[in-house]
Amino acid sequence: MKILNLRDYTEEAASKGKGIEFKEVLQPLLENEEQIIVDFSEISRFASPFFNNSFSALAIIYGFERIFSIELRNISKIGRDTFESSMEKLRKLLIRRQRK
């Protein structure tokens, strides 16, 4: 089990750049099939670009089930809503692409 304190990597979970950087932290752990906990303590800024470029980008590679197996600890309601919105938008996009 690997616990990642997001605060060790960034002060916010909002920007595209920080999302890309955090994706690079998560990806090797996903490759090794480790159980992952991301602790959002002390993170209060959330926006879709962060989640789009980290968790959602990795869902394309590893699947939704694997990404939803990551425990999001100490995340605010706004943070969780932003995460879930990002994942749902990706799911809808992939469904539309399959129908074409």
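**View 1. Helix α2 along its length.** The 15 residues of α2 reach 19 Å from the first C-alpha to the last, close to the 21 Å expected at 1.5 Å a residue, where the expected span is 1.5 Å times one less than the number of residues. Helices (H or I, at least four residues) and strands (E, at least two) are DSSP runs numbered from the N terminus. The model is predicted, with local features needing pLDDT of at least 70 and side-chain atom pairs pLDDT 80 or more, while totals for chains, interfaces and linings use all residues. Residues are numbered from 1 along each chain as its sequence is written, and side-chain values use heavy atoms, with hydrogens and water left out. Just after α2, G63 takes a positive phi of about 95°.

**View 2. The kink at F55 and its surroundings.** A kink of about 25° in α2 is centred on F55, the bend being the angle between axes fitted to the seven residues ending at a residue and the seven starting there. Leaving aside neighbours within four places in sequence, F55 is in contact (heavy atoms within 4.5 Å) with residues including F22, L26, V38 and F83.

**View 3. The largest nonpolar core.** This core, a set of buried (under 20% relative accessible area, 1.4 Å probe, protein chains only) Ala, Val, Leu, Ile, Met, Phe, Trp, Tyr and Cys residues joined through side-chain atoms within 4.5 Å, has 25 residues, and L26, V38, F40 and F55 have the most contacts inside it. Its largest share, five residues, comes from α2.

**View 4. The open sheet.** Three strands are ordered β1-β2-β3 with parallel pairing, which requires at least two DSSP bridges between two strands. Because β1 (2–5) and β3 (71–73) stand at the edges with a single partner strand each, one side of each lacks a neighbour in the sheet.

Technical notes: Buried < 20%, exposed > 50% of the residue type's maximum accessible area, 1.4 Å probe, protein only.
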